Every structure is written in structure tokens, then in C-alpha cells.
Amino acid sequence: MSKPLVLIALAFLVSGAAGGVAMAEEGEGSLPHSGADINDIESLQRGARNFMNYCSGCHSLKYLRYNRMATDLHIPEPELAANLMFTSDKSFDTIGTSMPADAEGWFGKQPPDLSLMARARSVDYLYAFLKGFYVDKTRPWGTNNLVLPAAAMPDVLASLQGLQKPVFKNEADEHGSANMVLVGVEQMTPGALKPEEYDQFVRDTVNFLDYAAEPVKAKRQSMGVFVTLFLLVFFAFAYMLKKEYWKDVH
Ligand code: HEC
């Protein structure tokens, strides 16, 4: 192979890897990084527990079966049945919710299934969403959300996080008139968890939702690294062999 061809092949490999990184970061804008790690099994186990305790009353995970979750997250079956399942469910059932299908009347919106939410919105978005509730007396539940304005979901984690109040800033619009713009939130009353503990609680929960959205994600990523390394090594051998074959011809 001539030098330019070698360079082109290498450029392909490098741009492929860079493309993967770029895609992973795409669409996450200025949201803070959640720091969730899908390879951290203990975090996923805590996330599963958080989800079953605080979210499954309203949200289902209709593409994930209990027994698949138990196998992937190394949760023993007796523990699964005792702590993580609705008593009427079987371990081969998908994760449902006790919320009736017509709960729209209660919330204004049906709580969505969360199976694919991490892929639809990104893990960092979910992290910001669960940390973004603030007191807003004009809303039906008395709370609103920084990343989902007029959210129909109540602040279900308020007892853990405490209440947050909105922080506004005066900003002039294009006509020069002053407007109050919401720029962030700040702690108003303490919750049962310290701020770092609450962050970890949310990190575990969104990590679990990331797993639920693609149970093979951790495997896919480690396999990707292996395949890329294999191709690099294979390329070196193929190139040496090609040189050997053609050395008498040129
Ligand atoms: C009391 C019922 C209730 C509980 C409990 C609840 N939610 Fe929700 N959730 C809702 C409703 C209603 C919506 C629809 C909000 C909307 O679209 O305005 C929603 C929407 C969402 C969304 C979608 C946000 C978006 O951008 O569309 C996510 C993510 C979510 N919930 C996560 C959770 C998690 C995680 C938990 C557990 C910690 C949880 N919810 C607990 C009622 C609930």
C-alpha cells in the first residue's frame, strides 16, 4: 500500500473514534454533566431501588423485564421479589405501573413510559430535570421545573431534596424594556438528604434509566473498543503480508 493510502486508512480510524465521541456529546447543550457511569453495577442497583420506590407508582418501564434486570444488575431473585417487584407481578413480566391508563385527568398529562426516555432526552437532561424542581405558586402542584417549564409532574422527591426557590435576573429585551428572566434555583428548605447525597441519588436513578433504555449499552461500548483494537492490529499484519507478497513484483 502506498503512503497516502496508509494515511487515508488511519484518518478513517481516527475520525471514526472522534465521531463516536462527538455523537455522545451531541444535543446535551449546556446541561451539567450527570457523571453517571453505566459500568457501575452498585449505582445501577441503587438506581433500580430508587426507581421502584419513587417512580414506578406513576411510570412504567414497559420494555424491561424484571428477570432481565435482575440478571444484568446481579440482583438475587429472592431480593428482587421481596424489594423490587409489585407483589402481583411475575419475574418474567415487564415493569408496569399501578397508574391507570387514564391518569391524564389527575395530572393534565399521562405520566410517560420511561423505557426509552434516557435515549429520547439524554442522561444529562434527566439529571437536570430531577434537580430542577422549584416552588411556583401559579402551578397546580405548587412547583415548576427549570428544564421542562410548566411540567405536569409533581416534585415527588421534595422530601429528599428539600424545596428550591427560583432565582430571577433583570434583563433588557430587544425593545429595551426590563424583563425578569429565570436563571437558576437556590435551596429554600433542607430535605432529608444533603445536597451531595441528593446528587448521588439522582445520578444513580438516571444511570438506571440509561441502562433501562439500552440494557446492552455497557457491553456494546466495551465490544467497540475491542473491535477497534482488533482492526488496528489486523491492519498491521495485513499490511506486512501485502508487502511480502508484492516485494518481488515491484
Ligand atoms: C405522582 C406521579 C409521578 C411520579 C411519582 C413520578 N412522575 Fe415523572 N412524570 C409524571 C407526569 C404527570 C409527567 C408528565 C410531565 C409533563 O409532560 O409535563 C412525568 C414526566 C416525567 C419525565 C419526562 C420529562 C420530559 O421531559 O418529558 C421524566 C424523565 C420523569 N417523569 C421521571 C420521573 C422519575 C425518574 C421519577 C421517580 C424519581 C418520577 N418521574 C416520578 C408523574 C410522576
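This is a short tour of a predicted model, from the whole chain to its iron site and then to a surface patch.

**Whole chain.** Start with everything shown as a cartoon. The chain has 10 helices and 6 strands. Of its 250 residues, 31% count as buried. Switch on the surface: about 15500 Å² is exposed, and carbon and sulfur atoms supply 62% of that area. Contacts reach far along the sequence: among those between residues at least 6 apart, 65% join residues at least 24 apart.

**Iron site.** Select the ligand and find its iron atom, then add H59 and M153 as sticks. The protein atoms that coordinate the iron are NE2 of H59 and SD of M153, at 2.0 to 2.1 Å. These two residues come from distant parts of the chain, 94 residues apart. H59 sits in the loop between α2 (41-54) and β1 (61-65), while M153 sits in the loop between β4 (143-145) and α8 (158-161).

Now look at the geometry around the iron atom. There are 6 donor atoms, and the angles they subtend run from 86 to 177°, so the arrangement is octahedral. For six octahedral donors, the ideal angles are 90 or 180 degrees.

Stay on H59 and turn the surface back on. Is H59 buried or exposed? H59 counts as buried because its relative accessibility is 9%, under the 20% cut-off.

**Surface patch.** Next, select helix α10, residues 217-246, which contains F230. Show the side chains of M223, F226, V227, F230, L231 and F234: together they make a nonpolar surface patch of about 620 Å². End on F230, which is partly exposed, with a relative accessible area of 48%.

Conventions
Residues are numbered from 1 along each chain as its sequence is written. This is a predicted model: local features need pLDDT of at least 70, side-chain atom pairs count only at pLDDT 80 or more; totals for chains, interfaces and linings use all residues. Side-chain values use heavy atoms; hydrogens and water are left out. Patches are made of residues with over 30% relative accessible area and no salt bridge: like charges are joined within 9 Å, nonpolar side chains (Val, Leu, Ile, Met, Phe, Trp, Tyr) within 5 Å. Accessible areas come from the Shrake-Rupley method with a 1.4 Å probe; for residues, only the protein chains shown count as cover. A salt bridge is a side-chain nitrogen of Lys or Arg within 4 Å of a carboxyl oxygen of Asp or Glu. Helices (H or I, at least four residues) and strands (E, at least two) are DSSP runs, numbered from the N terminus. Buried means under 20% relative accessible area, exposed over 50%, partly exposed in between (1.4 Å probe, protein chains only). Donors are N, O and S atoms within 2.8 Å of the metal (3.2 Å for Na, K and Ca); water is not among the atoms, so sites may look incomplete. Four donors count as tetrahedral if all angles lie between 85 and 135 degrees; four count as square planar and six as octahedral if opposite donors are over 155 degrees apart and all others between 65 and 115; anything else is irregular. Contact means heavy atoms within 4.5 Å.
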